[in-house]
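Colleague: Please take a close look at one part of this model, and then work outward from there to what surrounds it. A plain account in one piece will do.

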Amino acid sequence: MNATQKRTANLDLLRAYFDLIATGDIDQLAAYWADDLVFEAPFSYTGTPSRTEGKKEIYARLSNSYGMVKMAFHITEIYELTDPDAFILEYNSTGHMLGTGEQYNNRYITLVRFQNSKMILFREFYDSKITDAAFGKLI
């Protein structure tokens, strides 16, 4: 597969993954992850590690989060990089907290890296003050 084909295939995976987030189906989301996926949220909300490594560990982390919120992500921009396995995205979330019914909306910038058609890095930046205010009431 040449670089253009690889980039196109990875973009298709990326869009499908983001569409799937709204379902909250962690099992289906995990099918996109490499066993050694690294999930980073350098400015993560209070009480949450900024880095989680490994498919099983990330599964547990996101299962907890998705148990508190129902949301969808809406990609506003995808920046293609020189490496056909890497992308920077801008997107918004819309949703609500399951425990309180409060709206949860945030903005994100994320670096995603693929290897062998699986995500190996998901580094997400968001407004942690918004997340603290919403999730802090539930943790």
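Modeller: Ser117 sits in the loop between β5 and β6, and the model it belongs to is a predicted one. Phi of Ser117 is near 65 degrees, which is positive although the residue is not glycine. Asn116 belongs to that β5-β6 loop as well, and its phi, near 55 degrees, is likewise positive in a residue other than glycine. As background, most residues other than glycine have a negative phi. The accessibility of the two can be given in turn. Asn116 has a relative accessible area of 70% and therefore counts as exposed, the cut-off for that class being over 50%. Ser117, at 42%, is partly exposed.

The strands on either side of this loop belong to a sheet. Six strands make it up, in the order β2-β1-β6-β5-β4-β3, with mixed pairing, and the sheet is open. Its edges are β2 (51-53) and β3 (69-80); each has a single partner strand, so one side of each has no neighbour in the sheet. From one strand to the next, the twist averages 20 degrees. In general, the strands of a sheet pair through backbone hydrogen bonds, either parallel or antiparallel.

At the β2 edge, β1 (residues 33-40) and β2 are antiparallel and share three bridges. One bridge partner can be named: Phe39 has Thr52 of β2 as its partner. Helix α1 (residues 3-21) packs on the sheet, where it touches β1, β3, β4 (86-97), β5 (103-115) and β6 (118-126). The direction of α1 makes about 160 degrees with that of β3. Helix α3 (residues 55-66) lies across β1, β2 and β3, and runs at about 55 degrees to β1.

At the other edge, β3 and β4 run antiparallel and are joined by eleven bridges. These two strands form a hairpin, with five residues between them. Within the pairing, Ile78 stands opposite Leu89 of β4. Strand β4 also holds Ser93. What is the relative accessible area of Ser93? The value is 1%, so Ser93 counts as buried, since the class takes in anything under 20%. The side chain of Ser93 makes a polar contact of 3.0 Å with the side chain of Tyr108. Leaving out residues up to four places away in sequence, Ser93 touches Met71, Ala72, Phe73, Tyr104, Asn105, Asn106 and Tyr108.

Two of those contacts of Ser93, Phe73 and Tyr108, lead on to the aromatic rings. Ring pairs join Tyr17, Phe18, Tyr32, Phe39, Phe73, Tyr91, Tyr108, Phe122 and Tyr126 into a cluster. With ring centres required to lie within 6.5 Å, the count comes to 13 aromatic pairs. One of them is formed by Phe18 and Phe73; the pair is tilted, with 5.7 Å from centre to centre and 45 degrees between the planes. Phe18 lies in helix α1 and Phe73 in strand β3, so this pair ties together parts that are 55 residues apart in sequence. Phe18 and Phe73 are both buried.

The core is the last topic on the way in. As a general tendency, nonpolar side chains in soluble globular proteins are buried together. Here the largest nonpolar core has 34 residues, and Tyr17, Phe18, Trp33 and Met119 touch the most other members. The elements contributing two or more residues to this core are α1, α2 (26-30), β1, α3, β3, β4, β5 and β6. Helix α1 gives the largest share, six residues. Apart from neighbours within four places in sequence, Tyr17 is in contact with Leu29, Tyr32, Trp33, Met119 and Phe122.

Trp33 turns up again in the contacts of Leu62, which touches Ile26 and Trp33 when residues up to four places away in sequence are not counted. Leu62 lies in helix α3. Its relative accessible area is 11%, so Leu62 is buried. Between the C-alpha atoms of Leu62 and Thr131, which are 69 residues apart along the chain, the separation is 14 Å.

To return to the starting point: the β5-β6 loop holds Asn116 and Ser117, the former exposed and the latter partly exposed.

Key
Residues are numbered from 1 along each chain as its sequence is written. This is a predicted model: local features need pLDDT of at least 70, side-chain atom pairs count only at pLDDT 80 or more; totals for chains, interfaces and linings use all residues. Side-chain values use heavy atoms; hydrogens and water are left out. Two strands pair if DSSP finds at least two bridges between them. Helices (H or I, at least four residues) and strands (E, at least two) are DSSP runs, numbered from the N terminus. Axes are lines fitted to C-alpha atoms, for helices over the stretch in contact, and angles run from 0 to 180 degrees between N-to-C directions. Contact means heavy atoms within 4.5 Å. Buried means under 20% relative accessible area, exposed over 50%, partly exposed in between (1.4 Å probe, protein chains only). A polar contact is a pair of N or O atoms within 3.5 Å; within protein, one must be able to donate a hydrogen and the other to accept it, and residues adjacent in sequence count only if both atoms are side-chain atoms. Rings of Phe, Tyr and Trp (its six-membered ring) pair if their centres lie within 6.5 Å; planes under 30 degrees apart count as stacked, over 60 as edge-to-face and the rest as tilted. A nonpolar core is a set of buried Ala, Val, Leu, Ile, Met, Phe, Trp, Tyr and Cys residues joined through side-chain atoms within 4.5 Å.
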